[in-house]
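Let's take a walk through this one together. Have the structure open and turn it as you read.

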Amino acid sequence: MESLFKKIRVDVNKNIYLKDPFSSDLGKVIVAKGIIMISELGLEQFTFKKLAGKVDCTESAIYRYFENKHKLLLFLMVWYWGYLEHNLIISTANLPDPKKRLKIALEILVNGPIYKVNDYIDPVSLKHLLTNEATKAFMTKEIDQEYQNGFFHYYHKIGNRIAAIITEINPDYEFPKALVSTVMGSGLMQSYYSEHLPGLTEIKNGDEKRTEFFQNMVFKTIENEY
């Protein structure tokens, strides 16, 4: 299974980058070091000049791959959700029971990828980055145009895929997409609260009850008869 995930490629929208960072060794290092530095500094303090110092290249070399740091963060977020979708597809491929598939899907949404093998990006480090910075990728003035440009394709795909499982379990439930997107956002926010605002949640990172909380919430919601 690990060898399979090493071969999987997430095709990020070409309008997000100027040159595919996975097409060169330098591009791969830019992405890998970028994850570490944005996590450490936050997007506001992170600059391509600082990244160039860590990568040992010129600042202009980084600008050949990404127009700005916002596009780099977008690239990372889109890649993450695409990688989660691949995890979901493979992890549920031969499971006929939709309830079992939904449980696995919620585990992936809340805890991140089940299979974490990748030669270019560490999905665990990337999830930690997105816990703190993901909202800065799409809560911008450019969001409407970026939406029209299809930048959030994978975000939609995994959401629609899980919403379809919910509809399979309960065809009469009216809000499968809204429910899934709530979990997608809350999964990251609960991690953020656990780390930075612990007074807002009883859920701790790494606690098995974290997944249990979201699974109970979703299953009780869709099984409730209105």
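Start with two helices in this predicted model: H6, residues 98-111, and H10, residues 153-169, which pack with their axes 9 Å apart and at an angle of about 150 degrees. An angle over 145 degrees counts as roughly antiparallel, so that's what H6 and H10 are to each other. As for handedness, the crossing of H6 and H10 is left-handed.

Now look at which side chains and backbones are involved. From H6 you have Pro98, Lys99, Arg101, Leu102, Ala105 and Leu109, and these meet Ile158, Ile162, Ile165, Ile166, Glu168 and Ile169 of H10. Sort the residues of this contact by type and you get nine nonpolar and three charged, with no polar ones.

Next, move over to the largest pocket. How much space lies in it? About 170 Å³. It is lined by 14 residues, and those closest to the pocket's centre are Ala134, Thr135, Gly185, Leu188 and Met189.

Where does the lining come from? Three helices, H7 (123-133), H8 (135-138) and H11 (176-196), each give at least two residues to the lining of the largest pocket. H11 provides the largest share, with five residues. By type, the lining of the largest pocket breaks down into nine nonpolar residues, four polar ones and one charged.

Definitions and conventions. Residues numbered from 1 in each chain as written. Predicted model: local features only at pLDDT ≥ 70, side-chain atom pairs only at ≥ 80, totals over all residues. Heavy atoms only, no water. 1 Å grid on protein atoms, 1.4 Å probe; cavity = no way out; pocket = protein on both sides within 12 Å on 5 of 7 lines; lining within 4 Å. Points joined across faces, edges and corners; volume = space filled by probe spheres on them. Helix = DSSP H or I, 4+ residues; strand = E, 2+ residues; numbered from the N terminus. Nonpolar A, V, L, I, M, F, W, Y, C, P; charged D, E, K, R; others polar. Axes fitted to C-alpha atoms, helices over the stretch in contact; angles between N-to-C directions. Parallel < 35°, antiparallel > 145°, perpendicular 65-115°, else oblique. Left-handed = near helix turned anticlockwise from the far one by under 90°. Contact = heavy atoms within 4.5 Å.
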